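User: Could you take a close look at one part of this model for me, the salt bridges, and then show me the pocket as well? I'd like one connected walk-through rather than a list.

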Amino acid sequence: MKEILLASSNAHKKEEISAILSPFGIKVLSLKDVGEKGEVRENGHSFKENADIKALHYYKRHKLPIIADDSGIEISYFGGYPGVLSARFMSHLSYREKMELILDIMKDVKDRKAYFVAHISFINDGKLYGYEGRLEGEIAKKIKGENGFGYDPIFYLIEYQKTIAELSDEDKNHVSHRYLALKEFCDDIKKNHII
Ligand code: IMP
């Protein structure tokens, strides 16, 4: 099994990325596994910039193949906000409170289009690669579902007529923005013998 260090201390991301990559023979190591606390300032202006910052930071320290995910939700009605600020937006509130606030602001709004975006940066042998996944959905009318994390309970998938939090972990990992980016990554490493 090939080992890759994940530049994230988000346990949900670790679980999802491990589940998606293990069928490809890749074992995901966590920052804890290499004695890191996971504190990097993400001051980039795009998902790519932030993912690159995280990947480069840990590559310099460990010289291992590194994968970094930077992701978030873009809401059309808010002009794409919170986007790269998804984790920091209204950080004094719980996710439940943040979602209630969004639903309240949008209670009469017709344009409910939203995207989940994930940028995956990968570094191996000093070379940096990038892959992006975008998933289109809508902001639901109500908070629904217990699975997943973050904004999953308000991200409604028309095709499934469910929020992502109502999908099983397995189903989420076959449709998500993270899956779409990681699929590109897996196709690339296989085709181009990158690891
Ligand atoms: P990051 O650690 O800066 O990439 O933060 C990503 C943030 O975007 C998370 O903390 C969530 O708020 C949101 N997010 C990213 N991916 C997902 C997902 O798959 N489901 C729900 N929320 C997500």
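Analyst: Here's a walk through the salt bridges, followed by the pocket. Keep in mind that this is a predicted model.

The structure holds 14 salt bridges. Let's start with K172 and D152, whose closest N and O atoms are 2.8 Å apart. K172 sits in helix α4 (residues 169–175), while D152 is in the loop between β5 (127–139) and β6 (155–157), so this pair ties together parts that are 20 residues apart in sequence. Are the two partners buried or exposed? K172 has 4% relative accessibility, so it counts as buried. D152 is buried too, at a relative accessible area of 1%; the cut-off for buried is under 20%.

That pair isn't on its own, either. K172 and D152 belong to a network of salt bridges that also takes in K13, E16, D69 and R178.

Now for two pairs within helices. In the first, the side chains of E100 and R96 meet in a salt bridge, 3.5 Å from N to O. Both are in helix α3 (residues 95–105), and because they're four residues apart there, about one helical turn separates them. E100, at 40% relative accessibility, counts as partly exposed, and R96 gets the same label at 49%.

The second is K183 with D187, where the closest N and O atoms are 3.1 Å apart. These two share helix α5 and are again four residues apart, about one turn of the helix. K183 comes out partly exposed at 36% relative accessibility, and D187 is partly exposed as well, with a relative accessible area of 38%.

On to the pocket. The largest pocket has about 510 Å³ of space in it. It's lined by 31 residues, and those closest to its centre are N10, K13, S71, A87 and F149. So K13 turns up in both stories: it is among the residues closest to the pocket centre and it is part of the salt-bridge network.

Which elements build the wall? α1 (11–21), α2 (47–62), β3 (66–75) and α5 (177–191) each supply at least two residues of the lining. β3 gives the largest share, with five residues. Helix α5 is also where you'll find the K183 and D187 pair.

As for chemistry, the lining of the largest pocket is a mix: eleven nonpolar residues, ten polar and ten charged.

Conventions:
Residues are numbered from 1 along each chain as its sequence is written. This is a predicted model: local features need pLDDT of at least 70, side-chain atom pairs count only at pLDDT 80 or more; totals for chains, interfaces and linings use all residues. Side-chain values use heavy atoms; hydrogens and water are left out. On a 1 Å grid over the protein atoms alone, a cavity is a set of points where a 1.4 Å probe fits but cannot get out, and a pocket is an open set with protein on both sides within 12 Å along at least five of seven lines; lining residues have an atom within 4 Å of a point. Grid points are joined across faces, edges and corners, and a volume is the space filled by probe spheres set on the points. Ala, Val, Leu, Ile, Met, Phe, Trp, Tyr, Cys and Pro count as nonpolar, Asp, Glu, Lys and Arg as charged, and the others, Gly among them, as polar. A salt bridge is a side-chain nitrogen of Lys or Arg within 4 Å of a carboxyl oxygen of Asp or Glu. Buried means under 20% relative accessible area, exposed over 50%, partly exposed in between (1.4 Å probe, protein chains only).
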